[in-house]
Amino acid sequence: MNRPGFFLALVRAAVLSIVAALVIVPLIATFLGGFKSVGELRASPFGLPPVWRVETYTEILGGSVFWGYIQNSLIISFSAVFLTLMLASMAAYIFAQIRFFGSKYIQAYLLLGLMFPFATAIVPLFLQIRDFGLLDNPLGVILPQTAFSMAFAIVLLRSFFQQLPKELFEAAYVDGCGYIGFFFRFTLPLSTPILATVGTFVFVQSWNNYLLPLVVINDSAGYTWPLGIMRYRGEFMVEWNRILAFVSLTILPALIFFTFTQKYIVAGLTRGSVKG
Amino acid sequence: MTTMTGSRPMLSPAARIARMHKQGKLMALLLFLPPALVLFTLFVIWPIFNAANLSFFKWSGYGAIDNFIGTQNYQRLARHSVFHQSLWNSLKLILASLFIQIPLALTLALLIYKKTSANTAFRLIFFAPYILAEIASGVIWSFIFDGDFGVSGQIAAALGIDPFYILADRQFAFLAIITVVVWKYFGYHMMIFIAALQAVPEDLLEAAEIDGAGRWQKVFYVKLPLIMHAIKLSAFFAIVGALQVFDIIIPLTNGGPSNSTHSIVSYLYTYGLAQLNVGYGAAVGVILFILCMVTAFSYRRLAMGKGGAL
């Protein structure tokens, strides 16, 4: 390697390491913080704990509050994923498979959903959920989340369904397989990669969502984990070791999940951005 | 299925429906399409229309909606200094996203877009904050910024000065929020750029090399022009994202000190929803909606030139 090449490689390594450190250090400090006492945390927020105290972690894991939040979040996220995949793939299948009058308009209508976020309509959305009697009900979070994922999910699914070989349908149709049967027997099983992509994406969004549960769920028994973190923080104020342990325990499953589903998340992101 | 429906435009609507029924299409259509449409209409479209309507009323959310006050909600917004501050803060977030976050993401993408195992590891690390919930990120960083514990506490202790509470400081609190936003989302933009860079045909780069293009020339004359669509798209996402920032602000400053760090959405939440000023909150929502639409349409015009993506 020539001299400027070597120099550039050095700069490159330095830049990458610094940015990586800026990302990782806060996360590591959070994990380690849960093992320290408040005094130790104050003395050395970023260093290794002098003694590894597991009490803070075990206390949280031993209580029912933490598991309650996780359970609520799991129920909501999995339901949102399931409903989104089901409704969106059915609609996307129609758009991909059947030509009918108005198809274009309906698709354009659904695409409106890509343009604006939750927040623009959060006040009337709250009223709507209240009028349906869905406050303090997981459905009050699940249904709007599903509705807001619909546009994105349909776009990705439709373009995938359109790429499935047409001959397959024709052959099945001749053999007496109807449109609905074909969807369940062929389209869905052949589409697992895109279903995984959309599903993972919806899951992450639902799992991390704060505004909607904040508005819909008042009773702390129904809290999702982001609401739980905020409540826990309000309770323990300056006992940062407890708060950091709590945060660590909630983000750990997400980080593990992410390491395994990375490829789907990235696929969803880039597909969404290329095809959008 | 083009082969089956073909082009028979002469049929009457009734005959067309009859034919669809015979082919078994009608049933599929009636079973498969309505659920998505109904849900979408009820929870996305209707609330947004309703926001536009409610923004002309003064209403506490209960009883009849009969107190029509015209544009008074909008006039109040136009006069409220906290709302001005929240608009200004959103603009700061947009500028930081465009001129700090995107260049950072682009630089990193250029450094690690090639598929090697070290690059994959870096990619994984840089993308991790995007997966973390905003709330968790906000809580973690409020620890780091805490004057008694985190970085500033350490620096103050080392210098032997009084601890400095960044998040309680009118001048620096929003800067801290911008830092967290960049930390959280740069990896997302980097991923968009990486995907685009990986799609740049290798032979084009080789051709440029044969023509004597150096390292930088390849970046500026081949790679960047070829991923321009991704850069525009990323800018669009950055702006719409910056307009929506909420979850990060709540754990960091909750809009304080003295209401100086509100975003549009945290303003909407604090002054509209939390106090059940339904009309007022709806008016903020309408303004946010208009800002998003303007962004979307300007993006379209900008991107259309080269076969836009959205």
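This is a short walk through a predicted model of two chains, A and B, and how they meet.

Hi everyone, and thanks for coming. Please keep in mind throughout that we are looking at a predicted model.

Let's start with the interface. How many residues of chain A are in contact with chain B? There are 74 of them, and they meet 75 residues of chain B. Helix α13 of chain A, residues 240-275, supplies the largest share of chain A's side, with 15 residues. If you sort that side of chain A by class, you get 57 nonpolar, 13 polar and 4 charged residues.

Now let's zoom in on two helix pairs that cross between the chains. For the first pair, please find helix α7 of chain A, residues 138-163, and helix α3 of chain B, residues 25-54. Their axes lie 8 Å apart, and the packing angle is about 110°. An angle from 65 to 115 degrees counts as roughly perpendicular, so that is how α7(A) sits relative to α3(B). On the chain A side, the residues making this contact are Leu143(A), Pro144(A), Thr146(A), Ala147(A), Phe148(A) and Met150(A). Facing them from α3(B) are Ala36(B), Leu39(B), Phe40(B), Leu42(B), Phe43(B) and Val44(B). Which classes do these residues fall into? The contact of α7(A) with α3(B) has 11 nonpolar residues, 1 polar residue and no charged ones.

While we are on helix α7 of chain A, have a look at Ala151(A), which also belongs to it. Is Ala151(A) buried or exposed? Ala151(A) counts as buried, because it has 22 C-beta neighbours inside 10 Å, and 20 or more is the cut-off for that label. Leaving aside residues up to four places away in sequence, Ala151(A) touches Leu110(A), Leu111(A), Gly113(A) and Leu114(A). There is also Met115(A), 36 residues away along the chain from Ala151(A), with 9.4 Å between the two C-alpha atoms.

On to the second pair: helix α6 of chain A, residues 122-131, with α14(B). Here the axes are 10 Å apart and the angle is about 50°, which makes α6(A) oblique to α14(B). From α6(A), the contact uses Ile122(A), Val123(A) and Phe126(A), and from α14(B) it uses Leu268(B), Gly272(B) and Leu273(B). By class, the contact of α6(A) with α14(B) has 5 nonpolar residues, 1 polar and no charged.

How covered is α6(A) itself? Mostly, with 7 of its 10 residues buried. Among those buried residues are Ile122(A), Pro124(A), Leu127(A) and Ile129(A). After α6(A) comes Gly133(A), which has a positive phi, near 70°.

Ile122(A) is worth a second look. Not counting residues up to four places away in sequence, Ile122(A) touches Leu211(A) and Val215(A) in chain A, together with Leu268(B), Leu273(B) and Gly285(B) in chain B. The largest nonpolar core has 169 residues, and Ile122(A) is one of the three that touch the most other members, along with Ala91(A) and Met150(A). You have met Met150(A) already, in the contact between α7(A) and α3(B). Which helix gives the most to this core? That is helix α9 of chain B, residues 173-198, with 19 residues.

Let me turn to chain B as a whole. Chain B is divided into domain 1, covering 2-42, and domain 2, covering 72-304. Taken over C-alpha atoms, the centres of these two domains are 44 Å apart.

I'll finish with some backbone details in chain B. In the loop between α13 (249-252) and α14 (264-273) of chain B you will find Pro257(B). Pro257(B) is joined to Gly256(B) by a cis peptide bond, with omega about -10°. Gly256(B) is partly exposed, with 15 other C-beta atoms within 10 Å. The C-alpha atom of Gly256(B) is 7.3 Å from that of Ala168(B), a residue 88 places away along the chain.

Ser258(B) is in the loop between α13 and α14 too. Its phi is near 40°, a positive value in a residue other than glycine. Ser258(B) is exposed, with 11 other C-beta atoms within 10 Å. Leu276(B), in the loop between α14 and α15 (278-304) of chain B, has a positive phi as well, near 50°. Leu276(B) counts as partly exposed, with 15 C-beta neighbours inside 10 Å.

Thanks for listening!

Key:
Residues numbered from 1 in each chain as written. Chains lettered and ligands numbered in written order. Predicted model: local features only at pLDDT ≥ 70, side-chain atom pairs only at ≥ 80, totals over all residues. Axes fitted to C-alpha atoms, helices over the stretch in contact; angles between N-to-C directions. Helix = DSSP H or I, 4+ residues; strand = E, 2+ residues; numbered from the N terminus. Parallel < 35°, antiparallel > 145°, perpendicular 65-115°, else oblique. Contact = placed C-beta atoms within 7 Å. Nonpolar A, V, L, I, M, F, W, Y, C, P; charged D, E, K, R; others polar. Core = buried A, V, L, I, M, F, W, Y, C linked by C-beta atoms within 7 Å. Buried ≥ 20, exposed ≤ 12 C-beta atoms within 10 Å, placed from the backbone. Domains from an automatic or database assignment.
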